[in-house]
Amino acid sequence: MNRIFNFGAGPAMLPTAVMEKAQQEFLNYKNMGASVIEISHRSPEFDEIINHCDSMLRELGKIPDNYKILYVHGGAQMQFSAIPLNLINLKPARKATFVLTGNWAVKASKEAARYGNCINIASSEDTNFDRIPEWDTATLDPESSYAYITSNNTLYGTRWHNFPDTHDVPLVADMTSEFLSREIDVSQFGIIFAGLQKNLGPAGLALVIIREDLLNHALPETPMLLNYKVYEEQHSLANTNNTFAIYMMSLVLDWLKEQGGVKKIEENNNLKASHVYDFIDKSDFFSGTAHPDHRSIMNVTFNLADNDLLSDFLKNALEADLYALKGHRAVGGARASIYNAMPMSGCEALVDFMREFERTQG
Ligand SMILES: *Cc1c(COP(=O)(O)O)cnc(C)c1O
């Protein structure tokens, strides 16, 4: 069987070992004579899976005890609604402050504006989000219920290298495209959330890590299944959760631990990203689209000197088993998403291909 290198932004590649393990036990989970997707979300076997997921997340993500872990429906974008519903009421001004670093932040801000006063305090839209904008946190209104950022900007290939200190205003971060790819200090945040499909598992579910004092502020009209308190009280099992996604995530977390944990995977991610960026920076034909000081190590965005060659580039890449390198339409050009599961050999194959393409077509 020939497996491609999948550079898609999401759903993204998962470690082959994880899928093999899932395949192996798919028909007969732990000798139950039933699949993991056929057993009750209230069975002791599933209980063990979700507890294992919790403890692995706590260990790998260094999540302090005063933070709760929730598994919530609707992927990352459902949180664009859930966050204001749960948090906008924290202070009477019903204000939320957003830093606009790309489409996902813009969308989140628009959604929050349905529930309160949104202040878009900084933006890099005028340079097509090629960087994280300067933001002096002294301008943050302490009456804001929360401040919101997108930590890694999947479409544009940028990330926050250092996070803003928002003092008493809880910082909320969409970490969908980078959670557990680098070490972070969870205690800097009020809420961290991530859709699973980039670095953690299958699509459709999101992980929410929330400081416990923020759990009890939902607007009265908050739908039951968007209320974080409901998830917390019922261990994310108020209704039938996506048991398969939680199971898959638990396998991904086991794999991550086998790789040496987050510190080790971050070192590896840095090496992978450097391998691609170093080539792009030396090339006369390819050029990076993100400002070098703000580059992501998860999503590498680049242009060809002649973008008329893009469709040939993508076609030839596919023939070389390098899949889904097309950039997002908001940026154009090409993008290589190199999440945790992408091995160094995938980045090497990409660079070898790009070098050859430049030599023959450039
Ligand atoms: C992919 C992505 C999303 C959207 O995720 P869905 O699960 O499709 O809603 C949101 N934010 C970021 C940063 C992303 O990378």
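User: Before we get to Leu70, when do two strands count as paired?
Analyst: Here, DSSP has to find bridges between the two strands. The minimum for a pair is at least two bridges.

User: Okay, which residue stands opposite Leu70 in β10?
Analyst: This is a predicted model, by the way. Strand β10 covers residues 205–211, and seven bridges join β2 to β10, the two running antiparallel. Across from Leu70, the residue in β10 is Val208.

User: Which strands stand at the edges of the sheet, and why is one side of each left without a neighbour?
Analyst: The sheet is open, with seven strands in the order β2-β10-β9-β8-β5-β3-β4 and mixed pairing. Each edge strand has a single partner, so one side is left without a neighbour in the sheet. Those strands are β2 (67–73) and β4 (117–123).

User: Which helix lies across β2 and β10?
Analyst: Look for a helix running at about 125° to β2. Residues 44–60 make up that helix, α2.

User: On to the ligand: which helix gives the most to the shell around it?
Analyst: The residues around the ligand include Gly75, Ala76 and Gln77. A helix spanning residues 75–87 gives three residues to the shell, and that's α3.

User: How much of the ligand's exposed area does the protein bury?
Analyst: Let's start with the polar contacts: a polar side-chain atom of Thr154 lies 2.5 Å from a ligand oxygen. Backbone N or O atoms also sit by ligand oxygens, at 2.9 Å for Ala76 and 2.8 Å for Gln77. Taken alone, the ligand exposes 390 Å², and the share of that buried by the protein is 87%.

Terms used: Residues are numbered from 1 along each chain as its sequence is written. This is a predicted model: local features need pLDDT of at least 70, side-chain atom pairs count only at pLDDT 80 or more; totals for chains, interfaces and linings use all residues. Side-chain values use heavy atoms; hydrogens and water are left out. A residue is near a molecule or strand if one of its heavy atoms lies within 4 Å of it. A polar contact is a pair of N or O atoms within 3.5 Å; within protein, one must be able to donate a hydrogen and the other to accept it, and residues adjacent in sequence count only if both atoms are side-chain atoms. Accessible areas come from the Shrake-Rupley method with a 1.4 Å probe; for residues, only the protein chains shown count as cover. Helices (H or I, at least four residues) and strands (E, at least two) are DSSP runs, numbered from the N terminus. Contact means heavy atoms within 4.5 Å. Axes are lines fitted to C-alpha atoms, for helices over the stretch in contact, and angles run from 0 to 180 degrees between N-to-C directions.
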